[in-house]
Amino acid sequence: MRKSRSGGNEETPRQNGSSGRRRAEVDGEDADSSLAGLLDEDDENDQGLRREIRSKYRDLISSVQQNREDLLSPSNNKLTEVLEEANKLFKDVRQAREAALDAQLLVVATDLGKEKASQLFSDGNAFDPTAFAEHLLSFMGLNRLEDDRQNEATSDGYLPKDAWHRLAKSTECCFRTAPTFHYMMGSFHAEPPPPKQRVERQRRVPNKEAQRIMPTQLKKMEESHQEATEKEVERILGYLKSYHQDDPSTPISYYEFVVDPNSFSRTVENIFHFSFLIRDGLARMYLDDDKLPCIAPVEEGEVEPAGASTRKQCIISMSPKMWKEIVDNFEIKETMIPPPETQNE
Amino acid sequence: MAQRKRLSQHNNTQTASQLKRRSSSSLTQDEDEEATFTQPSTSQVQRGLEKLSQAQVDQKTAEVVQYFLMKDQKKVPVRRAELVKYMVKDYRTIYPEIIKRAARTFEQVFGLKLVEIDPKQHMYILVNNLETPARAGPVECPTNPKTGLLFVVLSVIFMKGGIVKENLIWHTLKKLRVDPGQKHEEFGDVKKVVTDEFVRQKYLEYLRIPHTEPVEYEIRWGPRADLEVSKAKILEFIGQLHEQDPRSWTQQYREAHGTQTPGQASRSSSQR
């Protein structure tokens, strides 16, 4: 601490921020006698000077704070320059406010000074955290990219997922941490999941096999069905035509045609197949004088265009009882449509 | 309950008022507890022991031991206040005896050391009493990646003289792909881990630098680190990493292998 400074500090409690027209006790210990002249100056000038000094102090303080890194660098003496500047300013200090600013500047400067001193800690072989980080990255298994483009501070590459685990494992020896306990039984979560998976898998397997079987079967059936239907329909058409040709004048009774006295199911099939003929316009049905349905094939020329105005639908239902009655009433002895040779049922 | 009446009036009234203030934070309650709990004298302890059976004291000791082990999972130190409040309770007159027995149990049964790291606030931690084996032990313990992070922070601080500005730590960590501004996939909020978790666990101290605008902080080793971490081993590891002889960092070497206790060494070298 400089002598003049201590003089100023003693002085500040007594002054209450009033003008600088105080005794020469202010500069009692100060070697600079030219200050005596200031005491006689004008109030206004003095105020201006006070402001100027304060503003210079504030500038100094802010510059120290802003350029902290700069001042810390061991390559320059900027901190010393700041202190010298402050020394010069202090010579003009009269009031408490300026002295307080000076004290603040001193605190900031000494902080920096302490930091600079601690920089001297590393002698010779300094420790560079950046290099340390680089070495650590290599240790943790960083996979550097092929091309060393810039070799800058940023090293590209992938850090493996267990990088930090690897480091933790290797540095465990440096720690004397008390091992923490954990239950050897583990958690309850381990139990439920495996059985679930097993069950699911078992279920899935039969499904697959079943699916595999199904398509082939279906294909066969579908084919057989379609073919059978078409074949049947054509066959029935053939019979109808031949019956009609034999006796064009006599109308063919619908019931006589379709009913098979030996089999109810065959009857239903015949009805089913005959309905296709009606739908496709290859046969027609009409009521005769006795109001009984009769059928006849449609001649080539008579085929009406599809979607014609005559679009009639009717539903025929037959129960085994009805079938029996028809067989008795019509005295149907034998079927007009012989059953097909290939039995697919 | 009969015992409680025989305790000093002081303790009695305080406990009652504390029960009323249950809503206040646990910290202030602990502090109140601290204020009221005076370490019983040896004679008080003797008298207390006479009134209780051996089995009771052993039971209480066992409970305290278990409490410590549970708390140690998170590595947060245990305060005397919370011990007294939750565990010791009516047995507070023989508190020193319980602690003594618990410490003995730790040492003889678990190979751990019960250390009081803060004589003012009376905080305890558990430290491994055994030297870590050179080779990995037969039991595979899952490693905590945070240990790696802690190692980096501690070693940088140590090599830089025992105290560093937080910016240096963030700068170094960024080089390691750990950015305090971003969420890290392993560590999450890195800043919180370093400045909060490690500080609570007493591995680090996060102190404000006075007279800085905007506020800056510095980080130094905490009391748990002083007890648990071996500077010599850190230096050795770093030597291997840099492929240099640890002795080349003379000052750090001296500190690591010095006769001073590590805590004293770091404090004196930073010359605050």
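Helices and strands here are DSSP runs, a helix having at least four residues and a strand at least two, numbered from the N terminus. With that in hand, welcome to a predicted model, shown in a handful of close-up views.

**Figure 1. Chain A is a chain of eleven helices and five strands.** This view is a good place to start. Of the 345 residues in chain A, 30% are buried. Contacts within the chain often link distant parts of the sequence: of those between residues at least 6 apart, 62% join residues at least 24 apart.

**Figure 2. Chain A meets chain B.** Here we turn to the place where the two chains touch. The contact draws on 45 residues of chain A and 63 residues of chain B. Together the two chains bury about 5,000 Å², and 62% of that area lies on carbon and sulfur atoms. Which kind of link has a count of zero between chain A and chain B? The answer is salt bridges. Polar contacts, on the other hand, are found: seven residue pairs make them across the interface, with both residues at pLDDT 80 or more.

**Figure 3. Three helices of chain A each give two or more residues to the side that touches chain B.** They are helix H5 (96-119), helix H6 (129-139) and helix H7 (163-171) of chain A. Which of these elements gives the most? That is H6(A), with nine residues. Sorted by type, the residues on this side of chain A comprise 24 nonpolar, eleven polar and ten charged.

**Figure 4. An open sheet in chain B is built from three strands.** Their order is S1-S3-S2, and the pairing is antiparallel. Strand S1 (78-79) and S2 of chain B are the edge strands, each pairing on one side only. In general, strands of a sheet pair through backbone hydrogen bonds, either parallel or antiparallel. S1(B) is joined to S3(B) by two bridges, and Val78(B) has Tyr124(B) as its bridge partner in S3(B).

**Figure 5. S2 and S3 of chain B form a hairpin.** Strand S2 (residues 112-118) and strand S3 (residues 123-128) of chain B run antiparallel and are joined by six bridges. For a pair to look for, try Lys113(B), whose bridge partner in S3(B) is Val127(B). Is S2(B) mostly covered or mostly uncovered? Five of the seven residues of S2(B) are buried, so the strand is mostly covered. Four residues lie between the two strands of the hairpin.

**Figure 6. His122(B) sits in the loop between S2 and S3 of chain B.** Most residues other than glycine have a negative phi. His122(B) is not a glycine, yet its phi is positive, at about 55°. Is His122(B) buried or exposed? Its relative accessible area is 17%, and since buried means under 20%, His122(B) counts as buried.

**Figure 7. Lys202(B) is another residue with a positive phi that is not a glycine.** The phi of Lys202(B) is near 70°. Where is Lys202(B)? Look in the loop between helix H10 (190-200) and strand S7 (204-208) of chain B. Lys202(B) has a relative accessibility of 23%, so it counts as partly exposed, a class that lies between under 20% and over 50%.

Note on methods: Residues are numbered from 1 along each chain as its sequence is written. Chains are lettered from A and ligands numbered from 1 in the order in which they are written. This is a predicted model: local features need pLDDT of at least 70, side-chain atom pairs count only at pLDDT 80 or more; totals for chains, interfaces and linings use all residues. Side-chain values use heavy atoms; hydrogens and water are left out. Contact means heavy atoms within 4.5 Å. Buried area is the accessible area (1.4 Å probe) that two parts lose on being put together, summed over both. A salt bridge is a side-chain nitrogen of Lys or Arg within 4 Å of a carboxyl oxygen of Asp or Glu. A polar contact is a pair of N or O atoms within 3.5 Å; within protein, one must be able to donate a hydrogen and the other to accept it, and residues adjacent in sequence count only if both atoms are side-chain atoms. Ala, Val, Leu, Ile, Met, Phe, Trp, Tyr, Cys and Pro count as nonpolar, Asp, Glu, Lys and Arg as charged, and the others, Gly among them, as polar. Buried means under 20% relative accessible area, exposed over 50%, partly exposed in between (1.4 Å probe, protein chains only). Two strands pair if DSSP finds at least two bridges between them.
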